[in-house]
Amino acid sequence: MIDCQRHRFDIPGDIAYLNCAYMSPLMTDVARAGEHGVRMKSRPWEITTMDFFESSETARRLFARLIHAPANDIAITPSVSYGISLAARSLPVEPGREIVVLEDQFPSNVYPWRERARIAGARLTTVARPAHGDWTSAVLDAISETTAVVALPHCHWTDGALVDLVRIGERCRETGTALVVDLTQSAGAMPFDVGQVRPDFLACAGYKWLLGPYSLGFTYVAPRWQQSEPLEYTWMGREGSEDFTSLVRYRDRYQPGAIRFDVGQRANFALMPMIVTALEKLLEWGVDAIAATLSARTADIAAGASELGLRAVHADRRAGHFLGLRFPDGPPSGLLDHLVAHRVYVSLRGDSMRVTPHLYNNDADTERLLSALRTAL
């Protein structure tokens, strides 16, 4: 268990921010790293050639460690939409086949597949939310030899309901189906091992559970797809790009691995130091320890909410860092405004009130939330 880390964040004592799934606050060290990067850009004569490469390669290695992948398989991308679009462009989808997604899945992992299905003459199959609550069995039932792609999260973004990606990955390999994963709502907060799941593509935004900045993330590309066409034809992705004196000796050959898929201008002098600082701290804490600590926090909240008549996905079927609370008759009118008036910050997603703490939360935050809910009901 990790002690409360609130001192690392600029969060006033009377604020209960339980909304990491919306956007994490920045650690003060991460903010300082970004400020230093902005100052670098104000003095460009001090920026060296290697400044374009070193931070991004460090970030690539750190994220790779987080998901137990080779660094060479990681691309630096600006968003999940970018990574999923790359997957949709790269994976073969024949006419008459299907692409499987979940009901109410986050749109970044739906819109590219709708377009891919339209262009390919395939169909998009949406797995309905199962009444028994077991997404994994529902997805397994939907996969067949006609399934070209299964595009999933690790846990559902509205309530944290888990998807067993190891079992689904096994089934995909049996049927020759590609597996694409959006890890935005789980990377950094619960364990994930590329070697166990074996996805074809994996995309992750950096501004939630990675505790990093907006507009920066990562995409894992399995080696079998690393000869695909990138979305952008960047110069930094080319062989020999470190030599600025010979950039007009145009090269057809790319850098090895997934680097060819990096977004243009990946060497963002403000964002890169921020994500490096955040990832270093996550790895120092350890994802297993983070997951255990957050699971204990959500268990306490769930117990208190149950006494108020609210329901949550059973702990065995939800991510430990994620709590979706449902009201017997739906969320009360004006609920979020009421909570904000009590200095409590959560989200409503569908019919679920999403409560997503991190290491900056404490027992006082839990009590502030439960007290505000008592007065709202």
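**Sheets, helices and pockets of a predicted model**

Visitor: In which sense do strand 5 and strand 6 pair?

Guide: In this predicted model, strand 5 covers residues 147-153. One residue pair of this partnership is Val-149, whose bridge partner in strand 6 is Ala-178. Strand 5 and strand 6 are joined over five bridges, and the sense of their pairing is parallel.

Visitor: Which strands stand at the edges of the open sheet of seven strands?

Guide: The order of the strands in this sheet is 2-8-7-6-5-3-4, and the pairing is mixed. An edge strand here pairs on one side only. This applies to the strand of residues 74-77 and to the strand of residues 123-127, namely strand 2 and strand 4.

Visitor: By what angle are neighbouring strands of this sheet turned against each other on average?

Guide: The value concerns the seven strands ordered 2-8-7-6-5-3-4. The direction of the strands is ignored, and the average turn between neighbours is 20°.

Visitor: Which strands does helix 2 touch where it packs on the sheet?

Guide: Helix 2 consists of residues 54-67, and its direction makes about 120° with that of strand 2. Its contacts include strand 7 (201-205) and strand 8 (217-221). The full set is strand 2, strand 7 and strand 8.

Visitor: How are helix 5 and helix 6 oriented, roughly parallel or roughly antiparallel?

Guide: The axes of helix 5 (residues 135-142) and helix 6 come within 10 Å and cross at roughly 5°. Angles under 35 degrees count as roughly parallel. The crossing therefore makes the orientation of helix 5 to helix 6 roughly parallel.

Visitor: How many residues in the contact of helix 5 with helix 6 are charged?

Guide: From helix 5 come Thr-136, Val-139 and Leu-140, which meet Arg-167, Ile-168 and Arg-171 in helix 6. By class, three residues of this contact are nonpolar and one is polar, while the number of charged residues is two.

Visitor: Why is one side of strand 9 and of strand 12 left without a neighbour in the sheet?

Guide: These strands belong to an open sheet of four strands with antiparallel pairing, in the order 9-10-13-12. Strand 9 (311-312) and strand 12 (347-349) stand at its edges, so the reason is that each has a single partner strand.

Visitor: Which residue in strand 13 does Gly-324 stand opposite?

Guide: Strand 10 (residues 323-326) and strand 13 (residues 352-355) pair in the antiparallel sense over three bridges. Opposite Gly-324, strand 13 places Arg-354.

Visitor: What is the volume of the largest pocket?

Guide: Its lining comprises 24 residues, and those nearest the centre are Phe-106, Ser-108, Thr-184, Tyr-207 and Lys-208. By class, the lining residues are 12 nonpolar, eight polar and four charged. The volume of the largest pocket is about 350 Å³.

Visitor: Which element gives the most to the lining of the second largest pocket?

Guide: This pocket has a volume of about 290 Å³. Of its 19 lining residues, Thr-177, Ala-178, Asp-200, Arg-224 and Trp-225 lie nearest the centre. Two elements each give two or more residues to the lining, strand 6 (178-182) and helix 6 (165-175). The greatest contribution, three residues, comes from helix 6.

Methods:
Residues numbered from 1 in each chain as written. Predicted model: local features only at pLDDT ≥ 70, side-chain atom pairs only at ≥ 80, totals over all residues. Heavy atoms only, no water. 1 Å grid on protein atoms, 1.4 Å probe; cavity = no way out; pocket = protein on both sides within 12 Å on 5 of 7 lines; lining within 4 Å. Points joined across faces, edges and corners; volume = space filled by probe spheres on them. Nonpolar A, V, L, I, M, F, W, Y, C, P; charged D, E, K, R; others polar. Pairing = 2+ DSSP bridges. Axes fitted to C-alpha atoms, helices over the stretch in contact; angles between N-to-C directions. Parallel < 35°, antiparallel > 145°, perpendicular 65-115°, else oblique. Contact = heavy atoms within 4.5 Å.
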